[in-house]
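Q: Please take a close look at one helix of this model and the residues packed around it, and then set that part in the context of the remaining structure. A formal, connected account would be preferred.

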Amino acid sequence: MKKYLCIHGHFYQPPRENPWLDMIEVQDSASPYHDWNERINRECYAPNAVARILTPGGRIKDMANNYERISFNIGPTLFSWLKKYDPETYGKIVDADKLSKWKRNGHGSAMAQAYNHMIMPLASDRDKVTQILWGIADFVSHFGRKPEGMWLPETAVDKYTLRILCDNGIKFTVLAPRQAKAIRIKPGEEWQGLDRGIDPTRPYRYRIDDKRSIALFFYDGPISQAVAFEGILGDGARFLDRLKTGYSDARPWNQLLHIATDGETYGHHHRFGEMALAFALELAEKKGEIELTNYGEYLSMFPPEVEADIHENSSWSCAHGVERWKSDCGCHIGGNSEWNQKWRTPLRRSLDILKMELDEAFDAEGSKLFADPWAVRDDYIEALLDRSKTEEFLARRQRTGLSGREKTRAIQLLEMQRNGMLMFTSCGWFFDDVSGIETQQVLKYAARAIQLCEATSNARPEKEFLNALAEAKSNVPHHGDAEKIYCRVAMPEKASLSRVIANHAIVAALDKNGDSGAIGSFSIEARDRMHEEYGDNSLTLSQAEVTSGVTMENETFIVAALRLGGSDVTCFVKPVGEELALGRAMADLFSAWRTKPLTEVIRRLDEHFDRGETFMLRDLFMEQRRRIVGSLMSGHVRRFADMYGQLFYENHRMLDYFIDANVPIPRELKLAAQYMVESEIVRAADTIMEPESLDKIGGLMLNVERWSLEVDMKTARRNIETALAQSLSRIMAEQDLSGAPALVRALLTLSSIGFGLDLWMLQNIFSEAYLSRLNTPGDPFYGARELKKIGILLSFSYQED
């Protein structure tokens with residue numbers, strides 16, 4: 001009998017986009033990265049595509065794409081982000097599935113996932129269907145084939161969900177061992193209880209009806225637990241040894257040892273976990289005792305012979321079924337033992353009530369536009385995957401020819417439903433307090449769904465929703481409850497076409513380089529623009545058209561931006577119409593601007609934009625607000641920096657005096673020194689390939705050590721790593737070694753002063769040269785001594801064996 005091994009990684013991030021702009025805004029908790037997707041991609045998703053395999057001496061001997069040898073699913077909301085922001089890693093994942101399909105007898109290793117990580121047993125029957133259909137369609141769009149298996153969010157399952165999977169051609173899913181209720185060898189026999197647990201080394205058949213079934217794989221619980229929480233990823237050989245303990249010679253069948261964890265286990269939760277995974281997989285293949293496989297291949301060779309029944313409404317991350325997503329069941333991440341999760345129940349109840357109202361509005365209003373609005377919703381994934389095909393999508397599904405306004409209304413209704421499902425993303429309940437960023441995100445989706453509901457129907461659900469949210473009390477006193485959190489973090493984010501155009505106008509008034517013509521999913525075209533300045537004051541008037549790339553909303557506005565001094569900007573916005581003619585407004589306002597006091601200009605603005613809307617700096621979206629405020633405050637910051645500089649440069653020799661006298665450096669002087677040394681390091685990092693900059697950084701680092709300064713090196717490190725990577729990329733692309741000596745010197749110097757560079761990016765660039773060197777010995781470029789020096793400094797192994 002053979003022994004088979006399948007390691008499954010559930011790679012997933014919740015949707016994080018601003019629901020109005022369709023873009024992820026900066027998340028401070030992910031620093032030094034822009035957001036958590038970017039950070040976890042660097043720590044996990046990308047490293048797993050280029051996992052290092054080391055020699056016993058700790059040098060790189062090979063690079064492995066782990067996705068080629070494991071089973072995996074990538075959450076749709078994460079995979080769309082990877083496709084846009086890291087196409088190289090995205091491509092490696094797609095290629096890995098193609099290779100696994102070739103190696104595994106036509107069975108690719110990628111599995112689909114229900115679309116946005118809703119807890120399926122808690123979803124309505126209609127939402128269950130849509131989530132599965134969207135997950136399948138998303139998978140096909142990336143991998144070019146139909147999925148054999150589907151991962152259920154949190155492995156949460158009920159029998160109706162299994163039926164829908166089977167109805168849509170899904171052959172198997174993966175569950176936790178505790179989700180198995182009973183087994184029987186043959187139909188009609190008595191069910192056997194599972195007091196000692198289910199044997200995870202074989203597949204099981206779950207009968208949908210007399211003719212149909214779906215295969216269930218129950219992963220090895222103890223070993224999966226050890227991988228996720230017991231630290232066995234510190235050593236690849238030990239990892240493999242632990243996996244082998246799941247086999248037993250007493251079993252008379254071809255055993256499949258399989259584990260399942262969050263994919264983020266390999267690199268994010270456990271640093272360098274992807275390297276342990278790569279080493280274990282390589283060692284398993286090398287020894288030949290175990291054959292790597294995936295679920296689809298194993299199922300084709302060894303169909304289920306034993307039938308299994310499941311515990312309804314069960315999951316892998318809640319011992320109480322699916323209570324973690326609706327009650328204070330006791331499951332939490334352990335942040336504070338004095339906290340409770342009683343907030344989960346009113347949060348679930350408030351969103352359930354809201355969803356009922358959204359569904360009623362969709363059914364009533366959607367039936368006016370579509371013959372079957374719910375079938376259209378199921379198909380809406382086509383437009384989500386390619387927004388440019390939205391018109392084509394509507395043309396095939398409209399009840400009658402729709403006008404432009406009706407098309408917008410149709411998409412608004414469908415977007416209401418999309419946001420209505422996004423607000424049930426499981427992470428909103430998973431963590432310990434209602435104030436967490438994950439719960440804030442689902443509240444933002446609720447706010448967007450409410451806005452769309454009120455724009456397309458007579459329903460006004462927000463007041464009742466807020467009343468229900470007030471029962472969800474935070475453990476953190478200053479947060480109050482979910483109603484207060486909603487009012488603080490969701491309501492101010494609500495966007496309209498007029499607010500988008502005002503953002504554009506305010507940014508243009510404050511930053512001459514800030515007029516990009518796009519904000520998130522909105523495009524903006526300004527025309528007939530007139531701008532005049534007088535000292536620090538300015539007046540701008542224009543006509544501008546804004547279009548949503550999501551809902552196809554489109555409107556033209558007349559916009560005036562009045563800037564008084566440095567940061568005082570008021571933007572007046574009014575739709576184009578008979579009440580306000582651009583030409584007349586321009587003539588009147590600029591006449592007053594040139595000849596009248598500012599009070600008269602403001603009076604005439606109020607008169608022309610009567611019944612319009614007014615916006616100010618605080619109304620900017622987060623990314624624009626931060627950039628503009630940073631720009632406006634840069635002069636003040638420079639003055640503070642000059643003060644620090646003066647204090648430091650006039651007294652820096654005193655620092656050595658204090659050290660030599662064994663007297664603590666005064667806090668005021670130390671703060672100035674820390675700021676200035678850090679600034680000097682960042683400046684030198686910008687020209688790191690120049691010898692003078694290297695020498696300067698070396699001297700500054702000596703001062704950091706001697707004066708015991710707490711200097712934040714993140715910015716300097718990232719700038720240096722980028723500069724070195726660009727230098728190496730040029731060397732490799734042009735096969736020109738003239739820049740190699742400077743790169744070698746930089747690597748040597750930075751290493752000798754303990755600068756702590758992350759060589760990951762450079763190693764990825766160099767790996768092609770290293771592998772080419774192994775395949776083309778004697779090549780004048782790849783075999784060059786200078787290139788070998790770079791490889792050694794980047795920790796590659798050049799030992800001949």
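**Helix α23 and its surroundings**

A: In this predicted model, helix α23 comprises 19 residues, 667-685, and spans 27 Å from its first C-alpha to its last, close to the 27 Å expected at 1.5 Å a residue. Its buried residues are L669, A672, A673, Q674, M676, V677, S679, E680, I681, A684 and A685. An α-helix has 3.6 residues a turn, so residues three or four places apart point the same way. The buried positions of α23 pack against three helices, namely α22 (622-660), α24 (691-707) and α25 (714-734).

One residue of α25 shows this packing from the other side. I720 belongs to helix α25 and is buried, because its relative accessible area is 0%, where the limit is under 20%. Leaving aside neighbours within four places in sequence, I720 is in contact with A685, I688, I697, L750, F755 and L757. Of these, A685 is one of the buried residues of α23. I720 is also 8.9 Å from M689, C-alpha to C-alpha, with the two positions 31 residues apart in sequence numbering. The loop between α24 and α25 holds S708, a residue other than glycine whose phi is positive, near 55 degrees. S708 is partly exposed, with a relative accessible area of 46%.

A second residue with an unusual backbone angle is T155, which is not a glycine and has a positive phi near 50 degrees. T155 lies in the loop between β6 (150-151) and α5 (159-167), and its relative accessibility of 0% makes it buried, whereas S708 is partly exposed. The backbone also contains a cis peptide bond between S31 and P32, with omega about 15 degrees; P32 is in the loop between β1 and α1 (36-49). For context, most residues other than glycine have a negative phi, and most peptide bonds are trans.

Turning to the nonpolar interior, the largest core has 88 residues, of which L351, F465 and Y486 touch the most other members. Helix α19 (residues 497-510) gives the most to this core, contributing 9 residues. Not counting residues up to four places away in sequence, L351 touches M423, F424, W429, A446 and F465. Apart from this core lies another, of 72 residues, including A49, V157, Y206 and L277.

Aromatic contacts add a further set of links, with 30 aromatic pairs found in the whole structure. One of them joins F11 and Y67 in a tilted arrangement, 5.4 Å centre to centre and with 55 degrees between the planes. F11 is in strand β1 (residues 3-11) and Y67 in the loop between β3 (60-64) and β4 (71-74), so this pair ties together parts that are 56 residues apart in sequence. Both partners are buried: F11 at 0% relative accessibility and Y67 at 1%. The rings of F79 and Y90 are likewise tilted, because their centres are 4.8 Å apart and their planes stand at 45 degrees. This pair connects helix α2 (residues 76-85), which holds F79, with helix α3 (residues 87-103), which holds Y90, across 11 residues. F79 is buried at 1% relative accessibility, and Y90 is buried at 11%. Ring pairs join F11, Y45, Y67, F72, F79, Y90, F139 and F143 into a cluster.

Charged groups also meet aromatic rings. The charged end of R42 sits over the ring of W760, 4.1 Å from its centre, while R202 lies over the face of W253 at 3.8 Å from the ring centre.

The strands complete the picture. An open sheet of 6 strands runs in the order β7-β11-β10-β14-β8-β9, with mixed pairing. At its edges stand β7 (172-175) and β9 (192-193), each with a single partner strand, so one side of each has no neighbour in the sheet. Strand β8 (residues 180-184) pairs with β9 in the antiparallel sense over 2 bridges, and A182 has G193 of β9 as its bridge partner. Another antiparallel pairing, over 4 bridges, joins β2 (residues 51-54) and β3, where R52 is bridged to M63 of β3. These two strands form a hairpin with 5 residues between them, and G58 in the turn has a positive phi of about 90 degrees.

How values were computed: Residues are numbered from 1 along each chain as its sequence is written. This is a predicted model: local features need pLDDT of at least 70, side-chain atom pairs count only at pLDDT 80 or more; totals for chains, interfaces and linings use all residues. Side-chain values use heavy atoms; hydrogens and water are left out. A nonpolar core is a set of buried Ala, Val, Leu, Ile, Met, Phe, Trp, Tyr and Cys residues joined through side-chain atoms within 4.5 Å. Buried means under 20% relative accessible area, exposed over 50%, partly exposed in between (1.4 Å probe, protein chains only). Contact means heavy atoms within 4.5 Å. The expected span of a helix is 1.5 Å times one less than its number of residues. Rings of Phe, Tyr and Trp (its six-membered ring) pair if their centres lie within 6.5 Å; planes under 30 degrees apart count as stacked, over 60 as edge-to-face and the rest as tilted. A charge sits over a ring if NZ of Lys or CZ of Arg is within 6 Å of the ring centre and within 35 degrees of the ring normal. Two strands pair if DSSP finds at least two bridges between them.
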